[in-house]
Amino acid sequence: MELSEGYRRPTRRHISTIVEEYGTAPIKDLRPYHIQSDLAKLPANPARARRKAWRLLCAFALASRFIAEDPSDATKAPKAPKTDGHEPWSVEEIAAFRDHWPIEDPRRLAFELTYWTGARISDACRLTLGMVGKGDGVLTFTQKKTKGKAHVPWTCAMQPFADLETHGYLMACIEAQRPGMALIVTIHGKPRSEKALGNWMAESARLAGVQKSAHGLRKSRLIQLAENGAPALAMMAWSGHKTLDEVQHYIIAAERKRAILGTEQDQNPVNKVGPTRKKS
């Protein structure tokens with residue numbers, strides 16, 4: 001079982017706990033109900049991580065012929081509670097961040113890059129100008145989590161659903177700061193790690209009065225694309241999602257919102273007789 005870097009540390013901790021609590025018991029006597037009893041002590045998400053640790057230990061014991069059968073096969077991981085995950089940033093929160101951090105500040109570049117690309121933090125910290133195709137002007141990168149590719153417009157002609165405001169801010173940041181090949185770096189010019197970038201951007205948001213993480217910007221980008229009428233395939237290409245189901249709920253939510261706003265505008269007499277506001 002190959003683990004990503006993000007899972008290795010907590011898995012090691014769980015293995016250490018198992019060894020500390022049960023290390024004196026002979027592994028040949030280990031039964032599924034022993035493991036299940038251990039999992040029952042923990043909340044759902046930690047229990048799922050603990051079971052993964054048990055699975056690794058049992059796989060090692062089986063390969064080493066300490067046991068003839070894997071007792072973890074008969075165990076079940078508790079279902080993780082359903083959550084909405086990281087909250088997307090609102091229009092007001094995005095404006096507050098921009099008002100606080102000027103174009104010349106590296107924090108602003110990190111923000112605009114993450115928001116425009118909709119990249120996960122694990123990918124945003126690795127983005128470079130070298131990933132922009134010279135022929136097509138598209139930023140293309142392989143995602144660390146899924147290994148799938150994402151295709152983000154950069155210098156190519158923009159589709160009508162593109163967020164030109166954010167693209168303009170991003171290009172202004174790059175023009176003002178003149179970064180090297182890597183786009184998000186430390187004051188010493190070194191690329192930031194995934195963890196360091198996440199903490200740095202969370203701190204930057206707090207200083208701007210926003211209590212959100214950079215992870216929420218990915219959802220904000222998908223919401224913006226859906227509300228601007230981006231086709232599902234375009235959203236999947238931009239965000240690197242592999243299936244239609246992963247973007248469909250954004251599209252449905254945007255369609256419902258447009259339906260309600262359209263109804264309100266039709267029924268509001270002020271909109272019918274009042275002056276028309278010019279778009280800025």
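Two helices are in contact here when they have heavy atoms within 4.5 Å of each other. Keep that in mind as you click around, and remember that this is a predicted model.

**Stop 1: H2 and H3**

Select residues 32-39 for helix H2 and residues 44-63 for helix H3. Their axes sit 9 Å apart, and the packing angle is about 150 degrees. Angles over 145 degrees count as roughly antiparallel, so H2 is roughly antiparallel to H3. The crossing of this pair is right-handed.

Now show side chains. From H2, pick Ile-35, Asp-38 and Leu-39; they meet Ala-47, Arg-50, Arg-51, Trp-54 and Cys-58 of H3. Colour this H2–H3 contact by class and you get five nonpolar and three charged residues, with no polar ones.

**Stop 2: H5 and H8**

Next, select helix H8, residues 194-207, together with H5, which spans residues 106-117. How do these two cross? The axes of H5 and H8 come within 11 Å, at roughly 105 degrees. H5 and H8 are therefore roughly perpendicular to each other.

On the H5 side, pick Pro-106, Arg-107, Ala-110, Phe-111 and Thr-114; on the H8 side, go for Trp-200, Met-201, Glu-203, Ser-204 and Leu-207. The contact of H5 with H8 has six nonpolar, two polar and two charged residues.

**Stop 3: H5 and H9**

Keep H5 on screen, hide H8 and bring up helix H9, residues 216-227. The axes of H5 and H9 come within 7 Å and cross at roughly 50 degrees. That makes H5 oblique to H9, and the crossing is right-handed.

Which residues make this contact? H5 brings Phe-111, Thr-114, Tyr-115 and Trp-116, while H9 brings Leu-217, Ser-220, Arg-221 and Gln-224. By class, the contact of H5 with H9 has four nonpolar residues, three polar and one charged. Phe-111 and Thr-114 may look familiar: they are also among the H5 residues that touch H8.

**Stop 4: the second largest pocket**

Leave Tyr-115 and Gln-224 selected and add Val-91, Ile-94 and Asp-163: of the lining residues, these five lie nearest the centre of the second largest pocket. There is about 460 Å³ of space in this pocket, and 19 residues line it.

Which helices should you light up around the second largest pocket? H4 (91-100), H7 (164-177) and H9 each give at least two residues to the lining. Colour the lining by class to finish: nine nonpolar, five polar and five charged residues.

Terms used. Residues numbered from 1 in each chain as written. Predicted model: local features only at pLDDT ≥ 70, side-chain atom pairs only at ≥ 80, totals over all residues. Heavy atoms only, no water. Axes fitted to C-alpha atoms, helices over the stretch in contact; angles between N-to-C directions. Helix = DSSP H or I, 4+ residues; strand = E, 2+ residues; numbered from the N terminus. Parallel < 35°, antiparallel > 145°, perpendicular 65-115°, else oblique. Left-handed = near helix turned anticlockwise from the far one by under 90°. Nonpolar A, V, L, I, M, F, W, Y, C, P; charged D, E, K, R; others polar. 1 Å grid on protein atoms, 1.4 Å probe; cavity = no way out; pocket = protein on both sides within 12 Å on 5 of 7 lines; lining within 4 Å. Points joined across faces, edges and corners; volume = space filled by probe spheres on them.
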